[in-house]
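The following note is addressed to a student who is reading a protein model for the first time. Please keep the structure in view and locate each element as it is named.

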Amino acid sequence: MSNERKKFFRRLAKEHYTILIPDMCPIQIDILSRVLAKDGMNLVVVTPLDRVAKDEGLASIHNDACYPALITCGAFIEALKSGKYDLHHTCVLMTQTGGGCRASNYISLYRKAFEKEFPTVPVLSLNFSGLEKDYSLPINAKRAISLYTAVLYGDFLMNLVNQARPYYGDEKTQEALDDCLKNLDKQLGHLSFLQVKKNYRFFLNRFRSLEPPKERKPRVAIVGEIFVKYSPYANNHLKDFLVRQGTEVVEPSLNEFLLYCLYNAINDHRLYGSNKGTIALYRFAYRKALKLTREANAMVKGTRFYPFEDFEEIPHNAEEVISTGVKMGEGWLIPGEMVTFSKHGVKNIVVVQPFGCLPNHIVGKGMIRPVKERYPEENIVPLDFDASSTQVNQENRLKLMLANLEK
Ligand code: SF4
């Protein structure tokens, strides 16, 4: 670690900085912030007022920039202007994949937007690619495992919540989730596999204590660009709308995106000979992550809940319609998920993307036709989001899709 970075992070801990992070996947981010709180960091998840964040984003970032950059920047500005935070002891944290897409540059857009009004607020990066050397959260092996386990816990709970909400309503589902999070809080420091398994079992038992539904509702999957797929304020509360319309929402895990990034690093080596120095590490991390993912899935199999699909099926299925060498944006992951859902009986799919997101228009919207040619019974609708798209238009499109709902 460079001296400047050491000094900066020592100051951050000593002076009790507040670290703002965007609310991308509500459950996963909540658990990640609890993990970092155990390390003495004060993370605050920013949940903005929808319109305010969009307007702030439009005022600070060119509207040609990606919608996720615009809305997250707007959410940070809304929070910084709220007067709730000491601007000399607050910083913002954003993830970076280090891939070729524009997301790797969101951080420089924030810095430019903060330059005049919030010059004292540093922008930090959370990445595993060695980017932003002096301003990235230090990640050692223990922290990487803790953060990854937090993602697995979050995915596990998100999956149970999605399968409970349509049948028991918000209140009962939230109670079950709160009990799980309360129990988890005491265990977050323990990374032994036995403890992790015990926690999964506790989650399952808590959700199984709810009466089994008499009949399952039609399942609707959401795939697409990672931010608009998960973030309720970026997608105009898409999940709430679908549940209100009498469906059960199916979301791919956040972990699937992480495995996709590792898979791509290994694939790059196979296709182009790149990552020579780090390929052994990528292979090790991929194998380990896949094993942990399968162990979590194995706990769910055989219960009344659906587990996530096995990750290795996804690139294999993607190859039916696209090469796994396509990795800009969400690349082959979106068509791979569409084909995998089709094969596993999820007959309705919403493909979400930011308006003007070139890669995902190709690998998302653009792949609907080849997927439908192979799986004609699939009911698939693309949905675009940007700062000016109206909820009414989106809901009308969804209602058309829901009129043809496949059980
Ligand atoms: S995937 Fe789309 S929205 Fe995301 S950074 Fe790339 S172009 Fe922008």
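1. In this predicted model, helix α3 spans residues 50-60, and its buried residues are A53, K54, E56, G57 and S60. These residues lie on the same side of α3, because they cover an arc of only 165° around the axis. The face turned away from that buried side carries the exposed residues R51 and A59. Please find both faces in the display before reading on.

2. What do the buried residues of α3 pack against? Their partners are two helices, α4 (67-81) and α5 (106-114).

3. The domain assignment of the protein gives domain 1, residues 3-136, and domain 2, which is made of the segments 217-252 and 309-403. Between the C-alpha centres of domain 1 and domain 2 the distance is 27 Å. Contact between the two involves 18 residues of domain 1 and 17 residues of domain 2.

4. Which elements give two or more residues to the side of domain 1 that touches domain 2? They are α3 and α4. Helix α3 supplies the largest share of that side, with five residues. By class, the residues on this side of domain 1 are twelve nonpolar, three polar and three charged. Helix α3 therefore deserves a second look: its buried residues pack against α4 and α5, they lie on the same side of the helix because their arc is only 165°, and α3 also gives five residues to the side of domain 1 that touches domain 2.

5. Where does the ligand lie with respect to the two domains? It lies between them, because domain 1 and domain 2 both give residues to the shell around the ligand. The surrounding residues are C66, P68, C101, R102, A103, E225, G329, P354, C357, L358, P359 and N360. Helix α14, residues 358-363, gives the most to this shell, namely three residues. Sorted by class, the shell has eight nonpolar, two polar and two charged residues.

6. The largest nonpolar core has 103 residues. Those with the most contacts inside the core are C73, F76, V92, Y110, L157, M338 and I349. Helix α6, residues 141-187, provides the largest share of the core, 14 residues. Domain 1 and domain 2 each give at least three residues to this core.

7. I349 may serve as an example of a residue with many contacts inside the core. If residues up to four places away in sequence are not counted, I349 touches A221, V223, M338, F341, E378 and I380. One of these partners, M338, is itself listed among the residues with the most contacts inside the core.

8. Two backbone angles should be checked in the loop between α8 (226-230) and α9 (238-244), where N236 is found. N236 has a phi near 50°, a positive value in a residue other than glycine. H237 lies in the loop between α8 and α9 as well, and its phi is also positive, about 55°, although H237 is not a glycine.

9. Are these two loop residues buried, exposed or partly exposed? N236 is partly exposed, because 19 other C-beta atoms lie within 10 Å, and a residue is buried if 20 or more do so. H237 counts as partly exposed because it has 15 C-beta neighbours inside 10 Å.

Note on methods: Residues numbered from 1 in each chain as written. Predicted model: local features only at pLDDT ≥ 70, side-chain atom pairs only at ≥ 80, totals over all residues. Buried ≥ 20, exposed ≤ 12 C-beta atoms within 10 Å, placed from the backbone. Helix = DSSP H or I, 4+ residues; strand = E, 2+ residues; numbered from the N terminus. Arc of directions from axis to C-beta. Contact = placed C-beta atoms within 7 Å. Near = placed C-beta within 6 Å. Nonpolar A, V, L, I, M, F, W, Y, C, P; charged D, E, K, R; others polar. Domains from an automatic or database assignment. Core = buried A, V, L, I, M, F, W, Y, C linked by C-beta atoms within 7 Å.
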